[in-house]
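Thank you all for coming; I would like to take you through one model this morning. Please have a look at it on the screen before I begin.

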Amino acid sequence: MKLDLAERDFGLLTAHLNELIAIDPGNAWGNLALGTMETERGEYGLAEAALLKSIGRAPNSISLNNLAWVYHKLGRDDLAINYVLRSLDMKAEAPEAWDTLGVILVTLNRNDKAEQAFRQSLRLDSANPEPWTHLRELLLNQGRTRDVQLLTNTILASSAAMETNRFDLLRELREENGE
């Protein structure tokens, strides 16, 4: 199942999850995988229920961060921030959680703290394009064009370390802004 989830093979994952959940409806790993899959599908209500089951049985930084993201998508940033901070308490070196924190902080108009969170995410994993994209969008929204240009150049120089298909969005953003 972990491989199914990592490879985003939701068909095979669904089959395995159905077997596991039938045997153990409260299984923490099964509910984490189910909640993650439902989040990917945009089924946030179902994802919330599964992730809460997972956390109730065996909380971990991934399930807490995923639930924070679900609450953010549901517009419940008051809950989202609590869960992402719990995630970071459990694993301070989690780049995904730092990125999630940054996104939530942007929504809460705490842009200085959001920038710090994105930069911490990048310190931990510079090959992940999401925090680059989020930081770039933040700088654009603040009108910091020189910082955007510098960041874009850094991103493009780092693109060899990133997955090409995940990096295409950054190239599109650059073209949209005439850079």
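I will go from the overall make-up to one helix pair and then to the core.

This is a predicted model, in which local features need pLDDT of at least 70 and side-chain atom pairs count only at pLDDT 80 or more, while totals for chains, interfaces and linings use all residues. Residues are numbered from 1 along each chain as its sequence is written, and side-chain values use heavy atoms, with hydrogens and water left out.

The protein has 11 helices and 0 strands, where helices (H or I, at least four residues) and strands (E, at least two) are DSSP runs numbered from the N terminus. Of its 179 residues, 42% are buried, that is, under 20% relative accessible area with a 1.4 Å probe and protein chains only.

Let me turn to the pair. The axes of α7 (residues 95-107) and α8 (residues 111-124) come within 8 Å and cross at roughly 165°, the axes being lines fitted to C-alpha atoms over the stretch in contact and the angles running from 0 to 180 degrees between N-to-C directions. The two helices, α7 and α8, are therefore roughly antiparallel, a term for angles over 145 degrees.

Now the core. The largest nonpolar core, a set of buried Ala, Val, Leu, Ile, Met, Phe, Trp, Tyr and Cys residues joined through side-chain atoms within 4.5 Å, has 31 residues, and L67, Y83 and L101 have the most contacts inside it. Helices that each supply at least two residues of this core include α7 and α8.

Methods: Parallel < 35°, antiparallel > 145°, perpendicular 65-115°, else oblique. Buried < 20%, exposed > 50% of the residue type's maximum accessible area, 1.4 Å probe, protein only.
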